[in-house]
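Please open the structure in your viewer and keep a selection panel at hand, as this tour moves from one selection to the next and says what can be found at each stop.

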Amino acid sequence: MRLQALQVKDLTHVVEQLFLRDRGRRSFLVAVQGTGEAGLLRTQVGEFVVVPVGSEVELRRAMPPLDLDPGEAGALRRVFLVPWDRLPLDLSGRFAGHGRVQMLPRVSLLQTRLRVGEVDPRVLECPLAGYLMGREVEMDVSSMGRLTEQILWQEWLRVEWRTPGDLNAPELLVWAATDGGGGRFVAAMGAPEAAGVRAALMGFLRQQVGILGAVAWAAWERGRGAEVLAFGVLCEGLGATEDAGGQMLLKAAGRVMLGGADPKAVAEQLQGRVALAMATLERCDERAAGEVLRAAEAMVREHAVPGVRALLAGSPRLETSWNLRLEALGEALLAVVKRRDPAGLGAVSERMRDLVAHERMKKPDAAAVARQAEMGARLAAWLLERSDRRAVETPSSYAAVEALGSWYTREGGFLDWARRSARAAAGRSGRLGEAITAVLQEADEARRALDLRFARALVDWYAAGRPASAVVPIERAVDRFVVEFLKESEERRLLVLLVDGMAWAQAVELLESLGERATPWAPISWRSPVPPVLAAAPTLTNVSRTAFFAGKVMPAGQVHETGEDPRRWQKHAGLRKLLPGAVAPRLYLGGEGHLRDGSLDPRVREQIERHEERVVALVLNAIDESLKGEPQVEHAWTVESIRSLPDLLAAARTSKRAVVLASDHGHVAGDLQVKVERRGEEKGGGRWRPLDASGFDPDFEVALKSEGAWRPRGSDGVVLLADDQHSYHARRTWGDHGGATLAEVVAPLLMIGWEGMGRECAEPGSDEESALGIAALRRPRWWHLETEGASGASGRGRGSRAKSRTPAEGVMVLPGIVTEAGGKAREGAQAHVAGAHEGGAQAGGAHEKGASGRKSAAKGSPSASGHALSTETQALAKSEVFKALAGESKYREQVLAAVDYLASRGGLAPIRAFGDALGIAEWRVPQTVSRFAELLNADGEAVLGYDLKGGQVVLDLGRLRGGFGIARG
């Protein structure tokens with residue numbers, strides 16, 4: 001019989017059980033059957049010396065002498081480990097426990113080892129129980145109550161082999177992919193005492209986790225645990241395909257790695273578990289997650305033929321799938337460009353949603369590619385829309401200045417933002433790069449034609465004396481906006497922030513960021529829309545910025561130092577007239593208003609917060625300084641990009657100041673320009689030169705000789721570059737200015753405030769509250785891939801019988817950008833002042849005016865967006881149920897407009913598209929939809945709702961028709 005190897009805890013248990021029941025014993029000699037190590041045993045009844053003996057002779061030699069006095073005998077404590085079940089008769093009387101050899105049965109031994117009170121009898125039949133009784137283990141299942149075979153396995157695996165406490169498939173896959181102890185397990189199971197343990201373990205894993213458990217364990221033993229999860233990634237991509245090629249790929253990939261298991265059975269068990277496993281792995285070990293993906297890609301390269309590779313497009317995480325989705329998006333985009341078919345934008349949107357659903361989007365590089373692709377799609381939508389062609393022109397030689405200037409303030413910033421952002425993807429290989437290159441080439445040429453048209457009209461505008469009926473020359477901007485704003489109320493305060501060199505592309509990007517703050521900022525309703533402000537030519541800081549602060553055109557032939565701008569500001573005629581006897585208005589230049597680290601000087605903040613100062617001005621040089629850098633460096637212009645801007649906004653709010661966010665001139669991107677030889681003398685800048693006898697090239701230059709245009713001393717005028725594709729400098733920079741393009745001449749100027757400004761600064765219901773209320777940032781409809789004739793999110797236009805889809809299918813979300821399928825065009829969906837909605841904010845966040853600024857109409861008249869209401873929406877308006885719910889609600893017409901818009905899109909619209917169409921600020925959409933839902937959600941039916949996770953508004957068309965008795969249109 002093999003003796004049981006006893007541990008300290010086993011002997012402690014025996015001794016304590018023996019003596020704690022009878023503390024009056026005189027003998028403290030104990031005999032226990034088993035083997036073990038000599039040593040000292042500390043128990044609750046004292047310390048015992050452990051003495052292993054192998055024969056009767058050894059026992060007799062180790063026994064204490066018989067002639068010890070009672071005191072000494074009582075203090076002597078020994079635990080003898082003996083190989084018998086009985087003691088010699090002459091010695092047994094000296095041992096405690098009636099002279100018997102103490103023995104631990106298997107149940108008791110397990111109870112002692114695992115510190116458990118009750119043991120299921122079936123545990124004793126498990127090979128693992130016998131294995132553990134011969135080993136030193138640190139398991140403690142005392143909290144489990146009753147020890148079962150399942151608990152025994154799980155606790156041993158957790159303690160000895162570091163498996164997850166909850167032994168489920170996803171957790172086991174992660175463990176097998178990251179733990180490197182398989183070789184140690186194999187060695188341990190090779191020992192004679194471990195006979196039968198591994199086979200029993202495999203049976204337990206199959207019962208607990210399925211065949212996947214045994215496969216993952218066997219692969220872990222071989223050090224190939226990550227390959228099982230990689231195989232799962234492959235299966236995830238193929239799904240439940242019955243394609244013969246797909247099945248062959250699974251068999252080939254799993255032939256060795258699965259150890260003979262049926263690949264199809266393993267694939268079935270992996271479905272739904274791989275996503276959980278990969279999410280856990282990415283969270284705890286990103287490096288290991290990358291190794292799994294690389295292993296999966298290796299399987300694809302080794303075993304997949306071209307026809308089968310296409311089946312992997314559905315994989316949510318394979319690099320192969322990501323590339324296939326990029327190619328599909330490129331194909332869809334190329335189709336739109338070649339066929340000029342607006343309906344194709346629906347397919348582009350679908351491909352964009354596929355792309356953004358991929359797990360690669362978590363990586364910054366992939367997210368950047370997706371944003372570039374999205375911008376390319378927007379450019380394609382603009383090429384189809386070409387809203388600039390609808391700009392109304394007056395019968396004058398300079399009409400293009402007014403018409404295109406107004407269009408550019410509404411849409412040009414978005415267009416140029418998209419052009420610059422998409423350009424990085426044009427160099428990509430494959431169909432996407434080809435598509436974006438094609439889109440950009442056409443968009444660039446279209447923009448060049450607009451610039452040339454604008455620049456040539458600008459010459460005529462100067463010749464006509466720079467009339468200010470539809471545009472505002474920059475020297476009149478302060479009078480037109482700052483002075484007039486302050487003049488209307490003594491309580492008004494202003495902070496003027498001149499962001500040197502800011503073009504409309506950066507202005508709209510900043511507006512996006514302003515609207516995403518905890519307290520949103522946006523253009524105020526005062527005199528909205530703001531007409532275009534035109535920079536002074538040439539568009540240089542010392543020409544145009546000086547004119548802004550001086551309030552007059554600076555004399556030609558002189559060099560005007562920008563360091564004198566604070567003095568010019570103090571002498572501004574309009575401000576001096578407005579503030580007679582007051583402290584001269586303060587202007588802080590960039591270096592004066594900031595500390596060395598770029599943060600706002602506390603003294604300037606204190607000045608802004610002083611109520612006595614009606615107007616404070618500050619120059620911010622962040623954008624202008626960035627223009628000198630390399631074009632390869634991409635800049636994201638958010639509120640946080642300009643370090644002092646958050647503090648400036650906070651100070652303005654503290655002192656209840658509106659903010660004028662202005663620029664002295666814009667700039668053109670430097671990444672498109674090529675050097676052109678300068679005619680005449682080597683004077684001037686990268687975008688302008690003095691006019692001399694050499695003349696100018698009308699293909700890309702214009703000449704200004706009129707009064708009002710600055711020119712250097714001794715020159716008849718200036719020659720300005722009229723497109724963004726030429727430069728007089730050889731070195732490319734991030735941007736440059738001085739020319740006559742829309743991006744350089746049309747200078748952003750926005751009157752902005754914070755959400756709640758009207759309520760905080762004026763009496764409720766007053767005109768002042770309305771004037772200071774902020775409005776929605778409105779983006780052009782093509783920004784949402786909506787153009788005339790484009791299909792809706794459902795893939796069909798207005799009145800289609802397309803079924804509505806689930807929220808998850810209807811939205812694509814990027815960091816800071818929402819893209820969706822294009823919907824039926826809306827005539828009134830044009831933006832004002834970079835998209836700012838005209839009119840003040842109304843209670844509840846909705847506007848009484850519709851998206852076109854006109855009153856929403858009822859009962860078959862035009863909707864808020866300018867379209868006639870659809871037949872279904874007219875039926876809703878006439879429904880007795882709707883009449884009972886809506887009654888005289890002030891939201892009635894807006895609800896009809898919302899239903900009309902959502903129905904045209906198959907019942908789904910991302911928050912920004914919905915807000916733009918209805919003239920509702922993005923941050924107000926959830927609250928507004930809740931108010932609208934009160935007029936639609938009859939009998940507890942969720943007809944209209946807001947999907948917070950997906951970021952979209954959802955209209956259930958089936959419930960709408962059923963609840964209000966509307967026949968399908």
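Begin by selecting helix H36, residues 880-886, where Lys883 and Glu880 stand three residues apart and are therefore separated by about one helical turn. Keep in mind at this and every later stop that the model is predicted. With the side chains displayed, Lys883 and Glu880 can be seen to meet in a salt bridge, with 3.8 Å from N to O. Are the two partners buried or exposed? Lys883 has 36% relative accessibility and so counts as partly exposed, whereas Glu880 is exposed, with a relative accessible area of 58%.

For a second salt bridge within one helix, select helix H26, residues 565-570, in which Asp565 and Arg568 are three residues apart, so that about one helical turn separates them. Their side chains meet in a salt bridge of 2.7 Å, N to O, and here both Asp565 and Arg568 are buried.

Next, select Glu630 and Arg731, which form a salt bridge whose closest N and O atoms are 3.3 Å apart. This pair links distant parts of the chain, 101 residues apart: Glu630 lies in the loop between helix H30 (622-626) and helix H31 (645-654), and Arg731 lies in the loop between strand E19 (726-727) and strand E20 (735-736). Glu630, at 37% relative accessibility, counts as partly exposed, and Arg731 is likewise partly exposed, with a relative accessible area of 48%.

To see salt bridges that share partners, select Asp416, Arg419, Arg420, Arg423, Asp444, Arg447, Asp451, Asp671 and Asp724 together, since these residues are joined into one network. Across the model, the count comes to 71 salt bridges.

Stay with Arg420 for a moment and add Trp734 to the selection: the charged end of Arg420 sits over the ring of Trp734, 3.9 Å from its centre. An arrangement of this kind is also found at Arg378, whose charged end sits over the ring of Trp783, 3.9 Å from the centre of that ring.

The tour now turns to aromatic rings, of which a search of the whole structure finds 29 pairs. Select Trp161 and Trp220, an edge-to-face pair with 6.4 Å from centre to centre and 70° between the planes. Trp161 belongs to helix H7 (residues 149-161) and Trp220 to helix H11 (residues 211-221), so that, with their positions 59 residues apart in sequence, the pair links distant parts of the chain. Both Trp161 and Trp220 are buried.

Keep Trp220 selected and add Phe185, which forms a tilted aromatic pair with Trp220, 5.7 Å centre to centre and with 50° between the planes. Phe185 lies in helix H9 (residues 182-189) and Trp220 in helix H11, so this pair ties together parts that are 35 residues apart in sequence. Phe185 is buried, as is Trp220. Widening the selection to Tyr131, Trp153, Trp156, Trp161, Trp175, Phe185, Phe204, Trp217 and Trp220 shows a cluster linked by ring pairs.

A quieter stop is Ala373, found in helix H20, residues 364-385. What surrounds Ala373, leaving aside residues up to four places away in sequence? Ala373 touches Leu329, Met352, Leu432 and Ile436, and it is buried, with a relative accessible area of 1%. If you then pick the C-alpha atoms of Ala373 and Gly330, you will find them separated by 8.6 Å, although these residues are 43 residues apart along the chain.

For the last stop, select strands E25, E27 and E26, which in that order make up an open sheet of three strands with antiparallel pairing. The edge strands are E25 (908-910) and E26 (944-947), each of which pairs on one side only. Averaged over the sheet and ignoring direction, neighbouring strands are turned by 20° against each other. Helix H37 (residues 892-904) packs on this sheet and touches E25, E26 and E27, with its direction at about 90° to that of E27.

Look more closely at E26 and strand E27 (residues 952-955), which run antiparallel and are joined by four bridges. Which residue of E27 is the bridge partner of Tyr946? That partner is Val953. Finally, add helix H39 (residues 925-933), which lies across E26 and E27 and runs at about 160° to E26.

Notes
Residues numbered from 1 in each chain as written. Predicted model: local features only at pLDDT ≥ 70, side-chain atom pairs only at ≥ 80, totals over all residues. Heavy atoms only, no water. Pairing = 2+ DSSP bridges. Helix = DSSP H or I, 4+ residues; strand = E, 2+ residues; numbered from the N terminus. Axes fitted to C-alpha atoms, helices over the stretch in contact; angles between N-to-C directions. Contact = heavy atoms within 4.5 Å. Phe/Tyr/Trp six-rings, centres within 6.5 Å; stacked < 30°, edge-to-face > 60°. Buried < 20%, exposed > 50% of the residue type's maximum accessible area, 1.4 Å probe, protein only. Lys NZ or Arg CZ within 6 Å of the ring centre and 35° of its normal. Salt bridge = Lys/Arg side-chain N within 4 Å of Asp/Glu carboxyl O.
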